[in-house]
Amino acid sequence: MNSKQQAAAQTRAHLVEAALATLRQHGASNLTLDAVAKASGVSKGGLLHHFPNKEALMDALLRQLFTDFEQQVQACYEQEAAGNGRWLRAYIRATFEEDEALPLDLLLLLFASISEHPNLLRLVQDDHQMWQERLLSDGLPAARVRVIRMATDSYWQERLIGVEASDSDERGALLNELLHWLEAR
């Protein structure tokens, strides 16, 4: 990559970080191109050069969040013992990490906007399908994988709406139960 391409990639990353900061500070309803340009210190024209519309910016946000989660799962995967269910154990552990790389509250804000943008919905569906295929090829019975994945996803969805397990002991018990399900015969 030449220096011009590197500068463009750095600017795009800076704009995505500014958009994440805008979401955190002001919520999804205030995620505007003007607000992101202001937060980033980049002119609106500069922002539009990299992201021609809000949907393109949201696409980049989702992709970044998905990449962050995938890296988190990969880090957990590398710590797991080899064998059947390794990816699923890593997926569960990454979901239950308290300091998760994936800011779930931000994902909720983005998901609220997805119904307005079919391309973003497809992006979410593609990410879901990628995980589904990876987890189903993990050496465990398909029905067990689906049930465990759905229970794990339900955990983070409950976190999104603020009704999750109330303390670390309860979270730990849920995590241990899900991991125990992997060993069921």
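How much area does the protein chain expose, and what share of it do carbon and sulfur atoms supply? The exposed area is about 10,200 Å², and carbon and sulfur atoms supply 50% of that. Please keep in mind, as you go through the views below, that this is a predicted model.

**View 1. The whole chain is built from helices.** The protein chain has 9 helices and 0 strands. Following the sequence from start to end, you will read the pattern α-α-α-α-α-α-α-α-α. Among the 185 residues, 42% count as buried. If you look at contacts with a separation of 6 or more, 67% of them come from residues 24 or more positions apart.

**View 2. Helix 1 packs against helix 4.** Here you can see residues 3-26, which form helix 1, alongside residues 54-79, which form helix 4. The two axes are 10 Å apart, and the packing angle is about 90°. Helix 1 is therefore roughly perpendicular to helix 4. On the helix 1 side, the contact is made by Arg12, Leu15, Val16, Ala19, Leu20 and Leu23. Helix 4 answers with Leu57, Ala60, Leu61, Gln64 and Leu65. Sorted by class, the residues of this contact are 9 nonpolar, 1 polar and 1 charged.

**View 3. The largest nonpolar core has 25 residues.** Look for Leu31, Val36, Leu47, Phe51, Leu61 and Leu62, the members with the most contacts inside this core. At least two residues each are supplied by helix 1, helix 2 (33-40), helix 4 and helix 7 (118-136). Helix 4 gives the most, with 7 residues. In general, nonpolar side chains of soluble globular proteins tend to be buried together.

**View 4. A closer look at phenylalanine 51 and its contacts.** Leaving aside residues up to four places away in sequence, phenylalanine 51 touches Arg12, Leu15 and Val16, and also Ala56, Leu57 and Ala60. Several of these names will be familiar from View 2: Arg12, Leu15 and Val16 belong to the helix 1 side of the contact with helix 4, while Leu57 and Ala60 belong to the helix 4 side.

**View 5. A second, separate core has 21 residues.** Ile92, Ala94, Phe96 and Leu175 are included in this core. Ile92, Ala94 and Phe96 are also among the buried residues of helix 5, the subject of the next view.

**View 6. Helix 5 is mostly covered.** Helix 5 spans residues 86-96, and 10 of its 11 residues are buried. The buried set is Arg86, Trp87, Leu88, Arg89, Ala90, Tyr91, Ile92, Ala94, Thr95 and Phe96. What covers them? The cover includes helix 4 and helix 7, together with helix 8 (142-161) and helix 9 (168-182).

**View 7. Helix 5 crosses helix 7.** The axes of these two helices come within 8 Å, and the crossing angle is roughly 135°. That makes helix 5 oblique to helix 7. From helix 5, Trp87, Leu88 and Tyr91 meet Trp131, Arg134 and Leu135 of helix 7. The residues of this contact divide into 5 nonpolar, no polar and 1 charged.

**View 8. Phenylalanine 69 and tyrosine 91.** Phenylalanine 69 is found in helix 4. Is phenylalanine 69 buried or exposed? Phenylalanine 69 has a relative accessible area of 10%, which is under the 20% cut-off, so this residue counts as buried. Tyrosine 91 lies 22 residues away along the chain, yet the C-alpha atoms of the pair are separated by 9.1 Å.

Note on methods:
Residues numbered from 1 in each chain as written. Predicted model: local features only at pLDDT ≥ 70, side-chain atom pairs only at ≥ 80, totals over all residues. Heavy atoms only, no water. Helix = DSSP H or I, 4+ residues; strand = E, 2+ residues; numbered from the N terminus. Buried < 20%, exposed > 50% of the residue type's maximum accessible area, 1.4 Å probe, protein only. Contact = heavy atoms within 4.5 Å. Areas by Shrake-Rupley, 256 points an atom, 1.4 Å probe, with all protein chains shown as cover. Axes fitted to C-alpha atoms, helices over the stretch in contact; angles between N-to-C directions. Parallel < 35°, antiparallel > 145°, perpendicular 65-115°, else oblique. Nonpolar A, V, L, I, M, F, W, Y, C, P; charged D, E, K, R; others polar. Core = buried A, V, L, I, M, F, W, Y, C linked by side-chain atoms within 4.5 Å.
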